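Reader: I am new to this structure. Please take one annotated part of the chain and describe closely how its helices are arranged and what surrounds them.

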Amino acid sequence: MAGVKLHGTWYSPFPYRVIWALKLKGISYEYIEEDLSNKSPLLLQYNPVHKKIPVLVHSGKPICESMIIIEYIEEKWPQTPLLPSDPYERAKARFWVKFFEEKAPAIWPLYRSTGEEQKKALKDSLEMLKIVEEQGLGEKKFFGGESIGIVDIAFGVIAHWFGVFEEVVEVKVLEAHAFPRLHAWKENFEEVPVIKENLPDRDKMLDYFKKRRMEILSASQ
C-alpha cells in the first residue's frame with residue numbers, strides 16, 4: 001500500500017499496536033525508527049502537539065496516538081475487522097479500550113519507582129488486572145471471541161512488556177494461579193503468528209529497561 005509510513009521506537013509497545021493492526025489487515029507500510037532523545041524534524045512536524053510516537057502518515061497526512069490510529073486504520077481498511085459489527089459489541093469493545101487507556105498508567109510507577117510508591121503501583125496494577133480478569137475476558141479466547149480484535153491490541157502491552165517489567169523489578173504480578181484467564185489470553189495472544197513475528201527481542205528489552213530503570217532511579221535521588 002503506497003503512502004503508508006509509521007514512525008515508532010523499537011522498545012515502546014505503542015507502535016506495535018499499529019504494526020499488529022496493519023499486519024492483520026495486510027497493509028504494507030514503511031517503518032521509520034525514531035530516536036526519542038534526538039527527535040527527527042519529521043516527527044516534530046507530524047506531531048507538534050505531543051512530539052511523541054507512534055505517528056502514522058498516510059498519503060502525507062499524519063495521525064497520532066496509537067488507538068486513534070487503529071480506529072483510522074479500521075475505517076480506512078475495513079477488511080479483517082478489528083471491531084465487532086454489532087453496535088452493542090462495538091460499544092463494549094470501546095469501553096474496554098478506554099478502561100485500559102485510563103488504568104494502564106498505574107503499571108508504569110511499578111517500573112519507575114521503589115518503596116511505598118512501588119507498593120501502591122503494585123496494588124493499583126493488581127486491582128486493574130482483577131477487574132479485567134473477572135469482567136473483561138469471560139470464557140473467551142480473546143476479548144472479542146475467537147480472533148484478535150481492537151481490545152486485544154490495546155491490552156497487548158500486558159502480553160510482552162509486562163513480563164519484562166516483572167523481571168526487571170523482580171516482582172511477579174500476572175501469575176497463572178491468580179489470573180488464569182489473563183494468563184491463558186497472554187499465551188494465546190503471543191502465539192498468533194502476526195503477533196509472534198512482530199515483537200521486540202526480549203533480551204534486548206531486558207537490557208534496555210534495566211539500564212533505563214537505573215537511570216530513572218538515580219535521577220530521582
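Author: UniProt positions are given here in the numbering of this chain, and such annotations may be inferred rather than shown by experiment. The model itself is predicted. With that understood, the part to examine is the one that UniProt, in an unreviewed entry, labels "domain: GST C-terminal", at residues 86-214. Over residues 86-214 the chain is 72% helix and 0% strand, and the C-alpha atoms at the two ends are 47 Å apart.

Helix α6, residues 115-137, is a convenient place to start, for its contacts with two other helices can be described in turn. The first partner to consider is α4, residues 87-103. The axes of α4 and α6 come within 11 Å and cross at roughly 170°. Angles over 145 degrees count as roughly antiparallel, so α4 is roughly antiparallel to α6. On the α4 side, the residues that meet α6 are Trp 96, Phe 99, Phe 100 and Lys 103; on the α6 side they are Met 128, Ile 131, Val 132, Gln 135 and Gly 136. By class, this contact has six nonpolar, two polar and one charged residues.

The other partner is α9, residues 180-191. The axes of α6 and α9 come within 8 Å, with a crossing angle of roughly 80°. The range from 65 to 115 degrees counts as roughly perpendicular, and α6 and α9 are therefore roughly perpendicular to each other. Helix α6 contributes Leu 129, Val 132, Glu 133, Glu 134 and Leu 137 to the contact, while α9 contributes Pro 180, Arg 181, Leu 182 and Trp 185. This contact has six nonpolar, no polar and three charged residues. Val 132 of α6 thus appears in the contact with α4 and in the contact with α9.

Helix α4 also leads to the largest pocket, since α4 is among the elements that give two or more residues to its lining. The others are α1 (13-24), α5 (108-112), α8 (156-169) and α11 (202-220). The largest share, four residues, comes from α11. The space in this pocket is about 810 Å³. It is lined by 26 residues, of which Ser 12, Pro 13, Phe 14, Lys 52 and Trp 108 are the closest to the centre. By class, the lining has 16 nonpolar, three polar and seven charged residues.

Terms used: Residues numbered from 1 in each chain as written. Predicted model: local features only at pLDDT ≥ 70, side-chain atom pairs only at ≥ 80, totals over all residues. Heavy atoms only, no water. Axes fitted to C-alpha atoms, helices over the stretch in contact; angles between N-to-C directions. Parallel < 35°, antiparallel > 145°, perpendicular 65-115°, else oblique. Contact = heavy atoms within 4.5 Å. Nonpolar A, V, L, I, M, F, W, Y, C, P; charged D, E, K, R; others polar. 1 Å grid on protein atoms, 1.4 Å probe; cavity = no way out; pocket = protein on both sides within 12 Å on 5 of 7 lines; lining within 4 Å. Points joined across faces, edges and corners; volume = space filled by probe spheres on them.
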